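Please take a moment to look over the sequence and the fold shown below. The paragraphs that follow lead from the overall picture to a few selected places.

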Amino acid sequence: MNKNTYQIAVLIAAVAAVSGMGGYWIAHRAAGAAAMHAETANPATQVERKVLYWYDPMMPNQRFDKPGKSPFMDMQLVAKYADEQAEGAGVMIDAGIAQNLGMRTAKVERGSLSATVNAVASVQLNDRQVAIVQSRSNGFVERVYARAPGDVVARGAPLVDLLIPEWAGAQAEFLAVLNTHDAALLQAARARLQLLGMPGDLISRVEKSGRPQAVVTIVAPIAGLIQTLDIRSGMTVSAGAPLARINGLDTVWLEAAIPEAQAAQVNVGSKLEAHFSAYPGENFTGKILAVLPETNADSRTLRVRAELPNRDGKLKPGMYAQISLGSGKATPSLLVPSEAVIRTGARNVLLVTTGDGRYQPVEVQLGQEADGKSIVLGGIAEGQQVVTSGQFLIDSEASLKGVLARLNTAPLPAADTAQAALNDATGKIESLQGPDITLSHGPVQSLGWGAMTMSFKLAQPDMASGLKTGDNVHFSFHEKNGDYVIEKLDRSAP
């Protein structure tokens, strides 16, 4: 490289450092400028190297059969030589420009992702341990013990005293029958008391004491937390009226939000470990009760419910815990950094570098993602280098978008083609090979083009049926995915 070429390269690198996003365009301009300078400085090289065609770096899919000025941009066409890399080799970026763009790469490695799912969970009351305290008959509230919602009570703790007149009369009749010593009548009287809702222990106390007990003390049927207490002194209650709701505290629930992508690692019955900041160094072990059937549409997470023994009542509803679950073995797979994946919505793409300054877009199929890494199920091989930083700067340029468009093999709907504006021109067929046709055409008024020779694509290969090289034609075309496609082709008068 002589002094002039070196100065050109230094100037281009300086501009690339400032522009950043124009790295790909500058790289092609640098390649074109260096190639033209080399041809001028060394005519022997120009003779030895075979030129396949000329192209515009901003429209790499469009080919021309002779040098000249690009009809698309204010720049000279660049030669494509036979000894250069084959079509589809990707994007080439100068090493200095890649450094200015902050591009980093990582190797595709084989390994195993952690099979453990970590999440944050909150402690909730166990809704399977609920007791509802009701009045079994009509009565009056004589006394409410010193209880309030939020209190923790033991089993058998008194809640309220009720005066039940109906029970008082039934108990007096029972005592009268008791004095007759008639076993059949006594059994019938005892059954009547039970049908009135009187508990068995109260019937036994009346039988032993020989006195009616009109005031009955209602006690807590289980130990736990009083959630509601809907009684006050002097109230009148009816049969079946709810007096209190008590939730047991022997066990508690943990509810966690698990990312949808990790749902396959969560199974009902699996064990989990929970760690609470309130009890550092202490592990709590439980099991998964259920994976709830609904997914949160906003966060794309599943609700997982687990049960934990509440040792000594340490776990309080509302506390947060760090949980880990799903400790099964993972299968070794190909791994790439998750930040390297370009997710277009229709596909997942990685930019693979060949080591000579070229970057090739490759469509891949992804698997599980965890710990900042993604499993690749197909599309790349172990040991390849992928771009992890700066790939979006390359993608921002139109030239790379043209390369990525080749991945899209689905044809556009016919309605889109019909709606596209067609450009009319006349010309002569220079070559005809399948769907490719080269025409030397006159000016295209709708695009402001002058006369030139360039390649087109035929929308249908049979459009050129009956035509041959040298025929004069009238044609209509439009731009589609970086190519110029002929929709109408007719023989014209010479």
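**From the whole chain to its details**

Of the contacts in the protein with a separation of 6 or more (contact means heavy atoms within 4.5 Å), 68% are made by residues 24 or more positions apart. This is a predicted model, in which local features need pLDDT of at least 70 and side-chain atom pairs count only at pLDDT 80 or more, while totals for chains, interfaces and linings use all residues. Residues are numbered from 1 along each chain as its sequence is written, and side-chain values use heavy atoms, with hydrogens and water left out.

The protein has 10 helices and 31 strands, where helices (H or I, at least four residues) and strands (E, at least two) are DSSP runs numbered from the N terminus. Of its 494 residues, 40% count as buried, a term that stands for under 20% relative accessible area, with exposed meaning over 50% and partly exposed lying in between (1.4 Å probe, protein chains only). The accessible surface, obtained by the Shrake-Rupley method with a 1.4 Å probe, comes to about 26500 Å², and carbon and sulfur atoms hold 52% of that area.

Confidence is given by pLDDT, the predictor's confidence in each residue, from 0 to 100. Its mean over the protein is 78, and 78% of the residues reach 70 or more. Among the elements, helix H1 (residues 3-19) has the lowest mean pLDDT, 41, whereas strand S15 (residues 242-247) has the highest, 94. Over residues 1-47 the pLDDT is below 50, and this stretch has 43 contacts in the model beyond near neighbours in sequence. Residues 397-419 also stay under 50, and for them the model has 30 contacts beyond four places in sequence.

Which residues touch the most other members of the largest nonpolar core? They are Leu159, Val160 and Leu162, in a core of 30 residues; such a core is a set of buried Ala, Val, Leu, Ile, Met, Phe, Trp, Tyr and Cys residues joined through side-chain atoms within 4.5 Å. Among the elements that give two or more residues to this core are strand S11 (158-163), helix H5 (165-178), helix H6 (183-195) and S15, and H5 gives the most, with four residues. Leu159, leaving aside neighbours within four places in sequence, is in contact with residues including Val133, Tyr145, Ile218, Ala244 and Ile246. A second, separate core of 24 residues includes Ile429, Met452, Met454 and Val473.

S15 also belongs to an open sheet of four strands, with the order S8-S15-S13-S10 and antiparallel pairing. Strand S8 (130-134) and strand S10 (152-153) stand at the edges with a single partner strand each, so one side of each is left without a neighbour in the sheet. Two strands count as paired if DSSP finds at least two bridges between them; S8 and S15 are joined by five, and Val130 has Asn247 in S15 as its bridge partner.

Further along the chain, strand S17 (residues 271-275) runs antiparallel to strand S18 (residues 283-296), with five bridges between them, and Ala274 is paired with Phe284 in S18. S18 in turn pairs in the antiparallel sense with strand S19 (residues 301-309) over six bridges. In the hairpin of S18 and S19, which has four residues between the strands, Arg300 takes a positive phi near 50°.

Lastly, Gly442 lies in the loop between strand S28 (436-441) and strand S29 (452-458). Gly442 and Thr426 are 16 residues apart in sequence, and their C-alpha atoms are 6.0 Å apart in space.
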